[in-house]
Number of protein chains: 2
Amino acid sequence: MARYFEDTDVGDVYELDGRYDVTKAEVKEFAENYDPQPFHLDEAAAEDSIFGSLAASGWHTASMCMRLLVDDFLEPETSMGARGVDELRWIQPVYPGDTLRVEVEILDKRISESRPEMGHIRTKLTGYNQHDDAVIEWKAKGMHRRREADE
Amino acid sequence: MARYFEDTDVGDVYELDGRYDVTKAEVKEFAENYDPQPFHLDEAAAEDSIFGSLAASGWHTASMCMRLLVDDFLEPETSMGARGVDELRWIQPVYPGDTLRVEVEILDKRISESRPEMGHIRTKLTGYNQHDDAVIEWKAKGMHRRREADE
């Protein structure tokens, strides 16, 4: 059953089931494509950096968490994209061998004034590693279809 | 010559030379990996969406702009990562066939209290398409090595 705008309440917290295994090959491939800084590409350079060892690009970490969000929270029938993200923080490095999971909290919601078939939901996403350390968080402004638009 | 913390001034604007050609194959590949929502994967679904036609994932757009930033602005000798990003906005959709470029403005800067060999620089990045429409922007908190640390 699709999750419409009406199907979440402010304060709800969703602990998503999905897990993302971070591999060295993928960390390096993403970095080669999008963030070729030495500490994301090269073990020796990373040891001398603030990260201490090879670490995923922050944009890669965000993208892996987005994948978990799409798999287990956003739904094709009702998700209508997002306007942006506030307070994105890379709290701790993400390393090859880590396993990520995400939680989503509903912060607030309102019906769109210009498009009554949709509503805005502001959510806080937190990504954790296998030690339950928060590694990333952000607040998103998502657009979601209203149930009455399909009734 | 490496760009140290001291080598930028508040108010400076850097129009980076690099260009990123957005291809349909890459839009779909990124979406398959990290953001498999129909409007990023499937032309027909995208036509019925808020985007009007197949559009890049917002995280893909951010990652492509990051690549331009790494190629032409951040430098391995002096860039020490970033704590996070504020006010990330996906202003307009990015479509296959678009060509992206970025501008960087120095918003403010201060020497680190805990690590005197580095400083914090807050920057605003704006990504534009080939029509000079702003498509994405964000404000980043980057860490940069101080010149005196290497003297």
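Select Val85(A) and Leu88(B): in this predicted model, Leu88(B) of β3(B) is the bridge partner of Val85(A). Extend the selection to the two strands that hold this pair. Strand β3 of chain A, residues 79-90, and β3(B) run antiparallel and are joined by four bridges.

Next, select Arg89(A) and Asp86(B). These residues form a salt bridge, with 3.0 Å between the closest N and O atoms. The count of salt bridges between chain B and chain A is two. Polar contacts between chain B and chain A amount to 22 residue pairs, both residues being at pLDDT 80 or more.

Now colour chain B by secondary structure and keep the side that touches chain A in view. The elements that give two or more residues to that side are the helices α1 (24-34), α2 (38-41) and α4 (58-72), together with the strands β3 (79-90) and β6 (134-145). The largest share, 12 residues, comes from β3(B). Recolour that side of chain B by residue class: 21 residues are nonpolar, seven are polar and 11 are charged.

Then widen the view to the whole contact, to which chain A and chain B each give 39 residues. Between them the two chains bury about 3200 Å², of which 61% lies on carbon and sulfur atoms. To finish, select Tyr34(B), Ile50(B) and Trp59(B). Within chain B these residues lose the most area to chain A, and together they account for 24% of what that side buries.

Conventions. Residues numbered from 1 in each chain as written. Chains lettered and ligands numbered in written order. Predicted model: local features only at pLDDT ≥ 70, side-chain atom pairs only at ≥ 80, totals over all residues. Heavy atoms only, no water. Contact = heavy atoms within 4.5 Å. Buried area = accessible area lost by both parts, 1.4 Å probe. Salt bridge = Lys/Arg side-chain N within 4 Å of Asp/Glu carboxyl O. Polar contact = N/O pair within 3.5 Å; in protein donor to acceptor, adjacent residues only side chain to side chain. Nonpolar A, V, L, I, M, F, W, Y, C, P; charged D, E, K, R; others polar. Pairing = 2+ DSSP bridges.
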